[in-house]
Amino acid sequence: PARARWERDRPGLQQVRPRAARLRLVLDLPARRGHVELHALGFQAAFGQDQLGKTYLEELLEPTIRALEARLALHAARGEIELRDARVSALSLLSPLLVALLHQDWLGGSDTRPLDIEPFIAEHARLFLKAHATEVG
């Protein structure tokens, strides 16, 4: 009851679902285009290898984070989300997705403890927007 009242009374919350759908598309792209596989291979090759680690960081991980920062900054400029620190927000958006996909696809989680990725992505996007959506966006 209290949660329903909060959701009903919060201006702009009805806008979260369309934004969540757009954000879900952003989150879905890495999984659909082999991006996670590149990160998995990068992690595997980079652990304990100074030069490979630096190369992975500079050539794949940081560009991924920076691209997400830029995308979030665009949504902030449009007034759709509140963005205090683009890097922190990008990491908080990307990290759970990468961990979930690595868990399922590269570490055997799909056999040990399956996770339906589609609802995970939708819920992650919904919660991110619930935390960051502006009142007018």
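These numbered points cover the fold, two helix pairs and residue E82 in a predicted model.

1. Overall make-up. The chain holds seven helices and zero strands. Along the sequence the pattern reads α-α-α-α-α-α-α. Of the 137 residues, 35% are buried. Among contacts with a separation of 6 or more, 64% are between residues 24 or more positions apart.

2. Helices α5 and α7, geometry. Helix α5 spans residues 86-105, and helix α7 spans residues 117-132. Their axes come within 11 Å and cross at roughly 165°. Angles over 145 degrees count as roughly antiparallel, and α5 and α7 are therefore described that way. The crossing of this pair is right-handed.

3. Helices α5 and α7, contacts. From α5, the residues in contact are S89, S92, L93, P96, L97, A100, L101 and Q104. On the α7 side they meet I117, F120, I121, H124, F128 and H132. Sorted by class, this contact has nine nonpolar residues, five polar residues and no charged residues.

4. Helices α3 and α5, geometry. Helix α3 covers residues 35-46. The axes of α3 and α5 come within 10 Å, with a crossing of roughly 80°. Angles of 65 to 115 degrees count as roughly perpendicular, so α3 and α5 are placed in that class.

5. Helices α3 and α5, contacts. V36, H39, A40 and F43 are the α3 residues that meet L98, L101 and L102 of α5. By class there are six nonpolar residues, one polar residue and no charged residues in this contact. L101 appears in the contact with α3 and also in the contact with α7.

6. Position of E82. This residue lies in the loop between α4 (50-77) and α5 (86-105). Its relative accessibility is 41%. Partly exposed covers values between the buried limit of 20% and the exposed limit of 50%, which is why E82 counts as partly exposed.

7. Contacts of E82. Leaving aside residues up to four places away in sequence, E82 touches H132 and T134. E82 and H132 are 50 residues apart in sequence, yet their C-alpha atoms are 5.3 Å apart in space. H132 is also one of the α7 residues in the contact with α5. Within the stretch around the loop, the side chains of E82 and R84 are joined by a polar contact of 2.9 Å.

Technical notes:
Residues are numbered from 1 along each chain as its sequence is written. This is a predicted model: local features need pLDDT of at least 70, side-chain atom pairs count only at pLDDT 80 or more; totals for chains, interfaces and linings use all residues. Side-chain values use heavy atoms; hydrogens and water are left out. Helices (H or I, at least four residues) and strands (E, at least two) are DSSP runs, numbered from the N terminus. Buried means under 20% relative accessible area, exposed over 50%, partly exposed in between (1.4 Å probe, protein chains only). Contact means heavy atoms within 4.5 Å. A polar contact is a pair of N or O atoms within 3.5 Å; within protein, one must be able to donate a hydrogen and the other to accept it, and residues adjacent in sequence count only if both atoms are side-chain atoms. Axes are lines fitted to C-alpha atoms, for helices over the stretch in contact, and angles run from 0 to 180 degrees between N-to-C directions. Angles under 35 degrees count as roughly parallel, over 145 as roughly antiparallel, 65 to 115 as roughly perpendicular and the rest as oblique. A crossing is left-handed if the near helix is turned anticlockwise from the far one by less than a right angle, and right-handed if clockwise. Ala, Val, Leu, Ile, Met, Phe, Trp, Tyr, Cys and Pro count as nonpolar, Asp, Glu, Lys and Arg as charged, and the others, Gly among them, as polar.
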